[in-house]
Structure formats: structure tokens, C-alpha cells
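Please load the model in a viewer in which residues can be selected by chain and number. The tour below proceeds from one selection to the next and states what is found at each stop.

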Amino acid sequence: MPLLAAIVLMAAPGDAGGQPLTAGEDEVKAAFVYRFGSFVEWPPAAFPDDASPFEIAIAGSDEVAAHLKTLTEARTMNGRAVVVRRVERVEDVGRPHVLFVGRAARRAFASLVGSVAGSPVLVITEIENGVAQGSMIDLVVDAERVRFDVAPDAAAAQELKISSRVLAIARRVSKDG
Amino acid sequence: MSITILSAAVAAAVAASTVVDDLGDLSLEQLTQIQVVTPSKRFEALFDTPASVHVITAADIRRAGVRSIPDALRLAPGVEVARDGHDSWSISIRGFNNDLANKLLVLIDGRSVYSPLYAGVFWDVQNVMIEDIDRIEVINGPGGTMWGANAVNGVINIITRPATETTGGLVSLSGDDPWNVAALRYGHSFGNGAASRVYVRYFERDARQHGQGGFRIDAASDASRHTFQGDVYRGSTQGIFRDDEFALGEMPGESPGSIELGGHNLLYRWTLDQGDGASLRVRAFYDHTRREIPGTFAERRDTFDLDVQGALTPRGRHLFQWGAGARLTRDDIDNTSFAAFDPASRSALTLNVYAQNTITVRPESVFLTVGTKLERNDYTDFEWQPQARLAWHQSERSMAWFAVSQAVRVPARLETDITVTAPVPVPDAPFPFYVRVVGDRSIAAEELTAFEAGYRFRVGASWTLDASLFRHEYDNLIVTAATDPIVVTDQPGSPYLIIPATLANGMQGSGQGGTLAANWSPTPAWRVQFHYAHIDLDLENRPGFDTGGPDVARNSPRNQYALRVFADLRNNVSVYAGWRHVDALPNAGSPGYDTGNFSVRWMPRDRLELALTAHNLGGDHVEFGGYEVEPTVTGTLVWRF
């Protein structure tokens with residue numbers, strides 16, 4: 001019961017905004033991971049046929065994975081079914097369309113990214129300064145909001161085209177990727 | 001309070017029912033606007049708490065243009081906030097308000113800030129970087145089991161954000177006619193979940209000046225989290241003060257002077273998640289305060305506090321929580337002819353242990369928490385503070401709670417050790433007139449037995465309703481008991497009249513009332529909030545006493561209500577409008593008042609925020625003690641970099 005421990009550790013009674021515009025950090029991140037799919041172009045070769053699902057691999061965050069599964073249950077991505085799978089080991093990464101590397105997997109970050117190098121895989125992280133370490137989109141909490149830094153050149157190197165709409169609302173756009 | 005455990009258990013049970021489905025339909029732009037909260041801060045936690053708890057969020061503080069903690073506290077139902085001077089407030093919950101209000105426990109990041117000198121809070125020196133407040137939790141009602149002595153009528157918990165959430169720079173400037181504030185914060189992330197921040201904040205408000213700085217470091221590894229933080233401040237107020245020395249038989253002269261204020265504190269907190277629901281938290285703090293009031297007294301105080309709390313792995317239907325703490329406080333007072341403490345320096349040691357069990361009576365529906373604190377203090381020796389709370393969830397959308405608790409307020413230095421000789425100006429009196437109050441070491445703790453009930457209900461995502469009722473039964477309330485005046489003629493100098501008085505457990509009685517808080521949010525961008533609080537105090541002298549103590553019942557407004565609208569408009573503009581009514585305080589010089597606030601906030605660029613806030617619309621009004629609160633307009637600029 002990690003939630004229980006978390007609340008007890010706060011040593012303070014329950015709290016909450018009670019406002020509709022608040023949500024858990026992991027929920028918002030899950031929503032971002034899903035929504036980015038609509039604003040990134042994959043090369044045709046990334047989908048063997050029209051029935052190929054849109055695949056999201058999640059390492060190092062069971063919370064984001066759980067939220068993403070709930071979120072995509074009744075949703076598709078550009079007409080394709082969405083498959084969310086958790087990755088426990090680097091060998092299991094395979095060739096997803098999106099690879100999300102959560103905080104708990106930050107030590108394995110380099111090998112995870114290495115395993116998809118040269119393939120059109122959108123790498124999303126939640127590590128401060130993640131784009132400097134090879135991430136394409138890095139989700140960060142800034143002033144109580146989930147914002148993101150983006151490295152379009154790093155994505156372009158893997159034949160991924162990130163929409164200008166994403167760049168327009170990014171916190172930082174890295175030019176040196 | 002037991003409520004943490006209880007809400008945790010239930011929050012875990014209902015965590016699956018989040019609104020995650022809705023987020024998938026939001027645009028990227030909308031997603032960047034969602035305020036994120038950690039899971040433990042979710043609405044469920046508040047919703048399931050079996051106590052009258054209200055949370056003032058950072059977003060509300062910002063939208064309402066709030067610049068001080070007292071102003072923020074007006075945003076919670078049931079808090080009596082009355083400004084009684086340029087930079088001074090009387091603040092209480094469930095009655096007994098005045099500038100010595102002494103039945104509240106106030107914590108800033110877990111550091112207790114009520115003064116053991118008088119068991120009240122010096123609100124003028126409780127300043128934090130407003131932009132870094134995460135939330136303020138207001139608990140109406142006793143919290144002695146968890147928090148210990150002084151958590152009699154309520155607990156106010158001011159919580160700042162971890163350094164990991166305040167990286168980057170922030171400059172905040174705001175000003176109106178008498179009150180100008182400048183603040184600067186810079187936060188740095190070390191990566192791997194560690195970050196630090198430093199801040200400086202300065203304000204001036206009429207003759208009052210205050211400079212403060214501080215830091216906070218947070219670091220987390222897999223199972224443990226460390227926080228280290230501290231603040232230092234210096235302040236002053238210019239004024240005309242009674243002269244230090246005077247002889248009985250004369251009235252003291254007056255001369256200009258300045259109150260000098262200072263303090264510094266350090267706090268370390270370590271929390272460990274031991275897995276399987278077990279956890280441990282260790283907190284230690286050191287706090288130094290200094291207050292020098294010309295002609296009255298000068299107090300320097302050092303407090304050391306160590307507190308350990310833990311939760312064991314739940315076993316079957318039982319969830320066991322324990323705690324132990326020690327606090328050593330030592331003061332050093334410069335006495336004057338007006339006020340003298342005997343002894344002039346005193347150390348006081350308080351030790352406590354507490355234990356409580358949360359029992360699942362019916363899975364996911366009925367939870368019973370029973371527990372007690374046992375405290376040993378230097379004034380009244382051992383004190384028990386037990387409670388029992390029952391939470392009954394009819395569904396995920398409605399819950400009722402009931403509580404019976406006992407709390408005590410331990411006497412303060414002011415009540416046991418003081419001799420005050422106050423000259424009373426009486427026009428046309430044939431000779432000088434004094435009141436002399438002498439403290440009493442044999443005084444007992446004030447006692448409260450509280451009966452509370454509450455109900456919460458929500459309809460969809462747009463309506464929430466929170467209602468609570470209380471009946472407080474008090475005994476041994478401490479009052480000033482005067483005896484017959486004595487005319488002194490046998491001393492050298494001119495004759496004088498003196499009214500001797502002492503402090504005694506001379507009052508008893510009850511208070512009853514309740515709060516109602518309704519929130520309506522027709523769209524995510526609009527929220528309407530209605531708060532109502534009622535209190536009815538019925539106090540009387542205990543047999544053998546004839547004091548003016550029961551008059552304090554008329555220091556509280558029988559009814560308070562507030563209506564607030566928070567709206568996020570297009571083009572990065574947000575608007576806040578608030579109106580509140582406070583009934584008369586017949587014993588505190590306020591005829592009651594209606595007043596309004598209005599604030600417009602505009603973010604012309606991503607990192608720039610401009611705001612204009614009008615306070616006290618509707619003209620001058622008196623909140624307490626005759627001080628006139630005037631309308632002002634404040635301009636604010638916040639730049640993040």
C-alpha cells in the first residue's frame with residue numbers, strides 16, 4: 001500500500017484542491033504520452049500494415065503505465081488500436097512507437113535508449129534535463145504544471161517529425177539535439 | 001490525527017475511481033494548465049477525512065491576490081480572522097478570539113509557531129514566501145491526540161512546496177499605499193530527485209519593516225526522503241511606548257521607540273517508507289525568537305523539538321500508528337516595571353507518547369479510529385488527550401463522520417509566572433489607578449470535551465458539499481479574577497489605588513455551531529464557493545468567581561458567510577471576486593461588516609504575471625478593537641526565470 005505510506009509520511013491530515021483542474025502528476029503525464037502520438041509523424045515503415053497497433057512501452061513507472069492503460073481502453077490512435085505494455089528488462093523493449101522511461105528506470109536510461117537507437121521510437125522521459133541525455137521529450141513539473149522540453153532534432157535523427165504545435169507550447173526547445 | 005490513516009486506507013480503496021478518462025480528451029495546451037498534485041493530496045484524501053478539514057490551495061491564494069498568511073486564512077470557513085492593527089491580527093477558530101487567542105496550534109512545515117510565553121501566535125512574524133506555499137490545511141476542532149497540547153479549538157498547518165517543485169527563479173513585487181513587498185527566490189535541481197532553493201523577502205507596512213531569508217533542500221532516494229530547511233528574519237515597528245521605569249503613585253511617561261523582532265530556525269525531516277504500509281518519520285527542529293517591546297518586556301527564546309512517528313504494517317483489520325516527542329523550550333526575559341516574569345528565565349520540558357488504532361469495521365465503508373496522547377509537562381504534569389472517530393462511507397460520493405475527543409490547553413508562562421502592574425488612565429480620578437495581575441503556579445489546564453459530526457457529498461465533478469457541526473464543553477477556562485481595590489496611602493509619594501487580580505480556572509461553558517462549504521464548478525474554468533460558519537458561545541463563571549471572563553463570548557461573530565468566484569477567462573486572464581459578511585463582535589468594538597475583494601490576473605507571456613487586486617471594497621470597516629481597515633488597490637508583478 002504505497003499510497004498509504006505516502007499519506008502517513010506526510011504527517012498531515014488529508015488535503016486536496018477539490019478543484020476539477022487538478023490531477024495527479026502521473027495521470028497528466030500519461031495523458032501527455034497518449035496525446036503526443038497525434039502530433040508526431042512516424043515513417044510508414046513503422047507500421048507493417050493497417051491493422052498494426054500503436055505500441056507504447058513503459059519502463060520505470062507502473063503508475064504512468066496503469067493510467068495509460070485505463071486511458072487507452074476505449075481510445076484509438078489515428079484509427080489504430082493502442083497497446084500499452086510494461087517493460088521490466090532492456091531485452092523486452094522491442095520496437096514500440098513510444099518508449100516512456102520513468103524515474104525508477106533512470107539508471108537504465110542509457111541502455112534503454114541504446115536498445116532502440118536507429119529505430120523510429122519516440123523516447124519520452126521524466127528526468128530533469130532529460131533532453132541533454134538523449135531524450136526527445138522530457139516531462140517536467142514546473143510551477144505545479146506538467147511542462148515538457150523537446151529535442152526535435154533528436155527525433156528527426158530517427159525519422160520522427162514532431163509537429164510545430166508541440167514545439168509552440170514546449171517549455172524549452174533544444175536546438176542542439 | 002487519526003484521519004491520516006483513515007483517509008489513506010479509503011483513498012487507496014477509491015484510487016481506481018479517478019477522472020483519468022477525461023484527461024485523454026484534453027488538448028496539449030489544456031494539459032499544460034492542469035495543476036498537478038501528488039496522489040496523497042488528492043481530493044479523496046480530504047473527502048474521506050473524519051474531521052472538519054478545509055484546504056486553502058496555492059492556486060486560490062494566487063488568484064485571490066493574497067499576500068499574508070492571515071489573509072489566506074480568510075479563505076477557509078470557520079476561521080475568525082480580524083485585523084486589529086497595521087500589522088497585527090486576532091485569529092481564532094471556534095471562538096475565544098483576541099490578540100492573546102490561545103487555543104490554536106499553528107505549524108509551518110511541521111514547526112510549531114505558537115509562543116509558549118502566552119500560548120498564542122505572534123502573527124506579525126509568521127511570514128513565508130507566499131509563492132512557495134503548497135497549501136494551508138485548516139482543521140476546525142481539537143487535534144490533541146495527534147498534535148498535543150494547544151490543539152484545542154483548531155490546527156493550522158502551513159505547508160510549503162518541496163524544493164524539487166520550485167526550481168528556477170522567481171521575482172515578485174507588489175505594492176499598494178502602505179504595504180510593499182519584494183521577494184526573490186531561486187531554486188536549483190541537482191537531479192536524481194534532489195533540489196534546493198533560497199529566498200529573500202522584504203516588506204514594509206506603515207512603520208513596520210521586515211526582512212527575511214531562508215533555504216530548503218529536499219533529497220529523495222528509493223524509500224527515504226530528507227528535508228532540511230531554515231529561515232532567518234529581522235523586523236521592527238516604530239511607535240510611542242510607555243517608559244520603562246515608573247514609580248507607583250505616578251503615571252509613566254511616553255517616548256518614541258521601536259519594537260525589535262528577530263528569529264531563526266532550522267528543521268530536518270526524514271521519512272522512510274519501510275514497505276508493506278509501514279513507515280517512519282523523524283523530525284527535529286530548533287527555533288529561536290526574539291521580541292523586544294519598549295516599556296513592556298523583552299523575550300528571547302530557544303526551542304528544541306524532536307518528534308518521531310511511525311505506522312506499522314496493517315494486520316488484519318487493524319492499522320496501528322504510534323509517536324513520541326520531546327520539546328525543550330528556554331526563555332530569557334528582561335523585566336520592566338510594567339511586566340515582570342518570575343523567574344526571569346525558565347526552561348520547560350514536554351514529553352509525549354501517542355498511539356492509535358484504526359479498525360476496519362466494514363471493509364471500504366466503516367472505519368473506527370481510537371487513540372490517545374499522553375503528555376507530561378512542567379506546568380500540570382500528566383495530561384491525557386484521547387479521541388474516537390468514526391467514518392462511514394455510504395458510497396464513493398458521500399460520507400458521514402462522528403468524533404468525540406478531549407483536548408487540553410496547558411497554562412503558559414503568562415498565566416503562571418507574571419506580575420503585571422498596569423496604569424489605568426481614569427479621567428478626573430483623585431489619584432493614580434493601577435491593575436495588578438499576578439500569575440498562579442497552581443493553575444490547572446483548560447479542558448475541552450468535543451462532540452462533532454459532519455457530512456460530505458459530491459455530485460459529479462461539479463458539486464461538493466461539506467457540512468459539520470460541533471458542541472464543545474469547556475471546563476477550567478483560565479480568566480483574570482479581580483478582588484476589591486486597595487487604596488495605598490502608607491508608601492512614600494502620593495497615594496494610589498490598586499486593583500489586585502490573579503489568574504484562575506474560573507470559567508466554564510460551551511460552544512456550538514458549525515460550518516458549511518459548498519463548491520460549484522459548472523466548467524473547469526469557473527468555480528463558485530460559498531462558506532458559512534456559525535458559533536454560539538455560552539460561558540459562565542464557575543461557582544465562587546465573579547469575573548468579566550464570559551464577555552469573551554462576544555468576541556466572535558455569530559455568523560460569517562462568504563461567496564467567492566474564481567474564473568479563468570480567455571487570453572490568459574483570470575478573475576477573482578469575493579464578498580464576505582461578518583456579524584458584530586460587541587465586546588471587541590466591531591459593529592460587523594460586509595466587504596469585498598476583486599482581483600484580475602493576466603499572463604501576457606509565459607513567465608510573466610501581472611495582477612491588480614482591490615481590497616476591502618465597500619469602504620472602511622472595523623474588524624477588531626477599533627482599528628479601521630481601509631480600502632486599497634495592490635499591483636503585483638511576478639516573473640519566473
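**Antiparallel strands in chain B**

Select residues 366-377 and 381-395 of chain B: these are strands β20 and β21, which run antiparallel and are joined by 12 bridges. The model is a predicted one, and each stop should be read accordingly. Within this pair, L374(B) stands opposite W384(B), the latter belonging to β21(B). The connection from β20(B) to β21(B) is a hairpin of three residues.

Extend the selection to residues 398-409 of chain B, which form strand β22. Eight bridges link β21(B) to β22(B), and this pair too is antiparallel. To locate the register, display H393(B) and M399(B); the latter is in β22(B) and lies opposite the former. Two residues separate β21(B) from β22(B) in the hairpin that they form. While the side chains are on display, one general point may be kept in mind: in a regular strand, side chains alternate between the two faces of the sheet.

**An open sheet of five strands**

Next, colour strands β2, β7, β8, β5 and β6 of chain B. In which order do the five strands form the open sheet? The order is β2-β7-β8-β5-β6, with mixed pairing. At the edges are β2 (52-57) and β6 of chain B, each of which pairs on one side only.

Zoom in on the edge formed by β2(B). This strand runs antiparallel to β7(B), and six bridges join the two. Select T57(B) together with R135(B) in β7(B): the two are bridge partners.

**A119(B), in a loop beside this sheet's strands in sequence**

Follow chain B from β6 (111-112) towards β7 (133-140) and stop in the intervening loop at A119(B). The phi angle of A119(B) is near 65°, a positive value in a residue other than glycine. Is A119(B) buried or exposed? A119(B) is buried, because 25 other C-beta atoms lie within 10 Å, and 20 or more are required for that class.

**Two further backbone stops in chain B**

Select N476(B), which is placed in strand β26 (residues 463-482) of chain B. N476(B) is likewise not a glycine, and its phi is positive, near 60°. N476(B) has 19 C-beta neighbours inside 10 Å and therefore counts as partly exposed.

Then move to D342(B) and P343(B) and display the backbone between them. The peptide bond joining these residues is cis, with omega about 5°. P343(B) occupies the loop between β18 (339-341) and β19 (345-362) of chain B.

**R205(B) and its contacts**

Select R205(B), in strand β11 (residues 194-205) of chain B. Which residues are in contact with R205(B), once neighbours within four places in sequence are set aside? They are H86(B), D87(B), P178(B) and W179(B). For R205(B) and D87(B), the C-alpha atoms are 7.1 Å apart, although 118 residues separate the two in sequence. With 19 C-beta neighbours inside 10 Å, R205(B) is classed as partly exposed.

**Chain A as a whole**

Now display chain A. It contains six helices and 11 strands. Of its 177 residues, 52% are buried. Among the contacts in chain A with a separation of 6 or more, 61% are between residues 24 or more positions apart.

Colour the chain by pLDDT. The average for chain A is 81, and 86% of the residues score at least 70. Residues 1-20 of chain A, by contrast, have a pLDDT below 50, and this stretch has 85 contacts in the model beyond near neighbours in sequence.

**Helix α3 and V131 in chain A**

Select helix α3 of chain A, residues 62-72. Its buried residues are V64(A), A65(A), H67(A), L68(A), L71(A) and T72(A). Turn the view to look down the axis of α3(A): the buried residues fall within an arc of 165°, so they line one face of the helix.

The final selection is V131(A), in the loop between β7 (122-125) and β8 (137-142) of chain A. V131(A) is buried, because 25 other C-beta atoms lie within 10 Å. Add R106(A) and draw a distance between the C-alpha atoms: V131(A) and R106(A) are 25 residues apart along the chain and separated by 13 Å.

Technical notes
Residues numbered from 1 in each chain as written. Chains lettered and ligands numbered in written order. Predicted model: local features only at pLDDT ≥ 70, side-chain atom pairs only at ≥ 80, totals over all residues. Helix = DSSP H or I, 4+ residues; strand = E, 2+ residues; numbered from the N terminus. Buried ≥ 20, exposed ≤ 12 C-beta atoms within 10 Å, placed from the backbone. Pairing = 2+ DSSP bridges. pLDDT = per-residue confidence, 0-100. Contact = placed C-beta atoms within 7 Å. Arc of directions from axis to C-beta.
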